[in-house]
Amino acid sequence: MTALSTKSQDKKAPVVVSGDDDIPLYEARRQIYPQSVHGRFRTIKWVLLGITLGIYYLLPFVRWDRGPDAPNQAVLIDFPARRFYFFFLEIWPQEFYYVAGLLILSALILFLMNAVAGRVWCGYLCPQTVWTDLFMAVERLIEGDRRERMIADAQPWSIDKFAHKTLKHSIWLLIAWWTGGAWVLYFADAPTLVVELATFQASAVAYMSIGVLTFTTYALAGHMREQVCTYMCPWPRIQAALTDEYALNVTYLYDRGEPRGSVKKAAVLREKGLPAGDCVDCGQCVAVCPTGVDIRQGLQLPCIQCGLCIDACNTVMHKIGRPGNLITYESEANLEARAAGKPFVQRILRPRTILYGVLIAFVSGLMLTALIGRSTEGVSAIHDRNPLFVRLSSGAIRNAYTIRLINKKLEERTFILSVEGVPDASLEVIGDNADGLTIGPDQTREVRVLVTTGDKLPPAASLPVTFRIRDKASGLSASVTDHFIGP
């Protein structure tokens, strides 16, 4: 085995270049101190942070009147009643395909975002990014900006340093605790659960859930930060296979920025007719990056495409009187066009994005059609397995079924149950009348049903039989098909 040792330009520890079998499987984390920045993209991130966190923390307290004996929380996952309420929608367990459709729709939207602008989800809307931004804002408010935090961390512990660290971590834990608390509010009436939590009357599951989410939020947003994006999250690896040369990514324009140099050095080179780039090598693009990426080295896996380096670079360019957008959202195809002196082409509409758009429209249309045509009643049937049939003394054949009737309306309804498909069939509901089956609001009801026919059946008969329910008041109906078994 051979190895070459070279020293970095800043005279730090030697860098070892060796064979593949010597590559370490773990890289120790280097502390990153992101600097605050102002600009268009930072403003967009603040606005989205406020909107997303506002929705998450406040939505459980929004009320929605569904009538008497129905929960009035706008968004509620009611496990005991096996219901999911979303404003005017009420999803039953057998309608889980709506949730599946929503997940498919979310994935397609994420693919479309990636095809248009790379990891824009990671930079602006990912929960890890949003909560990390919030934690870093608290950190800056208490400990100061990049320079102050670096100086404070390098100094020995003191009462002042201990007080600042304690205050910061206390606020982090408070945010993390309320994050976990807000999550459990989606599973019970929020005002009631808040009182129960405060008076220690809530269930152990609620306290355990809050504890787990408090720990994970505090650890991921407060301590692990960029490590989650770089090592834990699978999306950077997945999105690399879904992107193409026309996707917009945060990019350093090499042809305009190189060779780098100070303002004075660039002025001297230009006076001599030598090339000089616009980049003054100030390092601000690196200082503001939440993952510590130097965008001038090209597109890298840790880069979450948040655009903060664009704001930092534009601020510097404005101060020295040079054009902005030395770092900007650009596609690989346009970088190649710049190098070749060809005109730029921005292809937002292309087969990939059109396909995603069509699929999104198709899935949305299916879900909307299903919602518009969604029935408020339902019926299911289970045939008795032992025995499959009974021969009566009269020679008639009888099959037994368990019928479940569903009333999705928030009012009591009466249904008429009938049977079709079996010749000369009679229907008997044990303990009730088939012409008047009453079901309470938003409830189901099981009844035992006997279907008998005196008609002669072919050997080993298996006839399709249909059970139909019809609402006495509205005439709305639903049906289910099973089989009538003969000897």
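Student: In which helix is the place of Gly365?

Tutor: This is a predicted model, in which local features need pLDDT of at least 70, side-chain atom pairs count only at pLDDT 80 or more, and totals for chains, interfaces and linings use all residues. Residues are numbered from 1 along each chain as its sequence is written, and side-chain values use heavy atoms, with hydrogens and water left out. Helices (H or I, at least four residues) and strands (E, at least two) are DSSP runs numbered from the N terminus. Gly365 lies within residues 351-372, which form helix 16.

Student: Is Gly365 buried, partly exposed or exposed?

Tutor: Buried means under 20% relative accessible area and exposed over 50%, with partly exposed in between (1.4 Å probe, protein chains only). The relative accessible area of Gly365 is 29%, so this residue is partly exposed.

Student: Which strands stand at the edges of the open sheet with the order 13-11-15-16?

Tutor: Two strands pair if DSSP finds at least two bridges between them. The sheet has four strands with antiparallel pairing. One side of each edge strand is left without a neighbour in the sheet, because each has a single partner strand; these are strand 13 (437-439) and strand 16 (477-485).

Student: Which residue in strand 15 stands opposite Glu420?

Tutor: Strand 11 (residues 413-420) pairs with strand 15 (residues 462-471) in the antiparallel sense over six bridges. Opposite Glu420, in strand 15, stands Thr466.

Student: What is the bridge partner of Phe86 in strand 5?

Tutor: Strand 4 (residues 83-86) and strand 5 run antiparallel and are joined by three bridges. In strand 5, Phe86 has as its bridge partner Leu89.
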